[in-house]
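Colleague: Got a minute to walk me through this one? I'd like to start inside and work outwards.

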Amino acid sequence: MAELPEYASEPPRPGAGFDTYRLARGGLSDLLRPALKGALAAAGTPPAAVDTVLFATESLPGGEASQTAVAQLLGDLGMSHAYPLTLGLADCSTATAALTVAAALVGSGAARTVAVVSGDLVRTVLPGGRVLLGGSAVASDGAAAAVVSARRHGWEILGGARQVSYDLFGTGPAAHRLGSQLAAYQGLFEDLWSATGLTPPEVAAVLPSNLAADTLRLFLGEAGFAPRQLYQDNVGRIAHCLGSDPLINLIDRTEAGTTRDAYPVVALLGSSAAHLAAVLLRAVED
């Protein structure tokens, strides 16, 4: 963090938990390709079986260059017949919301197997710098992917919720912004419990965006979660990989040795200044 101009005079406040950020040397496809390949392998899904790909990214080049890049990426992975769609506008909550969109496509019969891929280059999305919202986040380059289908494997999507507070765009009194953000988190989870019939104590772990650790504990505490329920191990290690954080945290927590049996229900939470999205997942018995 010391090399960032914003922290030239002093490091991030200790409570924020930031230590290291990640910088990609290649292009966007160099991030998305291994994420998609890994997700397909983990799901045991042949690339040709994917009929739809949801790109949750703001880093595609746009216009014909975007179409060329997507066609090349999907062709390289053996997915040249998969229909590409993009989701955006909701900042760092887009990828989490995309999981429920994918589930809706599969549930309605509009798609059979959907790959959701998230990934962004900070230099493209945030040319003004990596430090966001007064130090509430430090952005990293990263990507993650998941496969959504009707086959019971890995994790079952129980339901999702979304919340947006447009009055949080721009600047305003700190007390007003804090109150609006707290209300947004509370409203999000009220909607999630209404949609799924669950409650905070029934969620073993919340896997959120890697925002400032102390700030997020405040918001989620007001939404009914205890600090022990929050997975924040990656805040210092990789910082905030924009929309990809929740999926990265799910993968890393599992690979660290915490079995799915130890937390059969988890919540993925994607957060930005004004947009929130949450998804409840339940581990499928092998």
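Colleague: Leaving aside neighbours within four places in sequence, which residues is Phe-189 in contact with?

Modeller: Keep in mind that this is a predicted model. Phe-189 is in contact with Leu-220, Ala-223, Phe-225, Leu-269 and Ala-278, once neighbours within four places in sequence are left aside.

Colleague: Which residues touch the most other members of the largest nonpolar core?

Modeller: Phe-189, Leu-220 and Phe-225 do. That core has 30 residues. Helix 5, helix 6, strand 9 (265–271) and strand 10 (275–283) each supply at least two of them. The largest share, seven residues, comes from helix 5.

Colleague: What other core lies apart from it?

Modeller: Another core, of 26 residues. Among them are Leu-99, Ala-144, Ile-248 and Leu-250. As background, nonpolar side chains tend to be buried together in soluble globular proteins.

Colleague: Back to helix 6. Which of its residues are buried?

Modeller: Helix 6 covers residues 213–222, and its buried residues are Ala-213, Leu-216, Phe-219 and Leu-220. Seen down the helix axis, they fall within an arc of 130 degrees, so they line one face of helix 6.

Colleague: And what follows helix 6?

Modeller: Gly-224 follows, with a positive phi near 105 degrees.

Colleague: What about the other side? Where is Ala-212?

Modeller: Ala-212 sits in the loop between strand 8 (205–208) and helix 6.

Colleague: Is Ala-212 buried or exposed?

Modeller: Buried. Its relative accessibility is 0%, and the cut-off for buried is under 20%.

Colleague: What does Ala-212 touch, not counting residues up to four places away in sequence?

Modeller: Ala-212 touches Arg-13, Ala-16, Phe-18, Gly-135 and Ser-136. Take Phe-18. Ala-212 and Phe-18 are 194 residues apart along the chain, yet their C-alpha atoms are separated by 7.2 Å.

Colleague: New topic: empty space. How much of it lies in the largest pocket?

Modeller: About 1100 Å³. The pocket is lined by 38 residues. Ala-146, Val-147, His-153, Gly-154 and Trp-155 lie nearest its centre.

Colleague: Which helices and strands each supply at least two residues of that lining?

Modeller: Helix 1 (28–43), helix 3 (94–108), strand 6 (142–149), strand 7 (155–164) and helix 8 (245–255). By class, the pocket lining has 25 nonpolar, six polar and seven charged residues.

Colleague: How many cavities of 30 Å³ or more are there?

Modeller: One. The largest cavity has a volume of about 30 Å³. Its lining is Leu-168, Gln-181, Ala-184, Tyr-185, Ser-272, Ala-273, Ala-274 and Leu-276. Helix 5 (residues 174–196) gives the largest share of that lining, three residues.

Colleague: And how does the cavity lining divide by class?

Modeller: Six nonpolar, two polar and no charged residues.

Colleague: Last topic, the backbone. Which way does phi go at Leu-89, positive or negative?

Modeller: Positive, at about 75 degrees, although Leu-89 is not a glycine. Most residues other than glycine have a negative phi. Leu-89 is found in the loop between strand 2 (83–87) and helix 3. Leu-89 is exposed, with a relative accessible area of 79%.

Colleague: What about phi at Asp-91?

Modeller: Asp-91 has a positive phi of about 50 degrees, and it is not a glycine. Asp-91 is placed in the loop between strand 2 and helix 3. At 30% relative accessibility, Asp-91 counts as partly exposed.

Note on methods. Residues numbered from 1 in each chain as written. Predicted model: local features only at pLDDT ≥ 70, side-chain atom pairs only at ≥ 80, totals over all residues. Heavy atoms only, no water. 1 Å grid on protein atoms, 1.4 Å probe; cavity = no way out; pocket = protein on both sides within 12 Å on 5 of 7 lines; lining within 4 Å. Points joined across faces, edges and corners; volume = space filled by probe spheres on them. Helix = DSSP H or I, 4+ residues; strand = E, 2+ residues; numbered from the N terminus. Nonpolar A, V, L, I, M, F, W, Y, C, P; charged D, E, K, R; others polar. Buried < 20%, exposed > 50% of the residue type's maximum accessible area, 1.4 Å probe, protein only. Arc of directions from axis to C-beta. Core = buried A, V, L, I, M, F, W, Y, C linked by side-chain atoms within 4.5 Å. Contact = heavy atoms within 4.5 Å.
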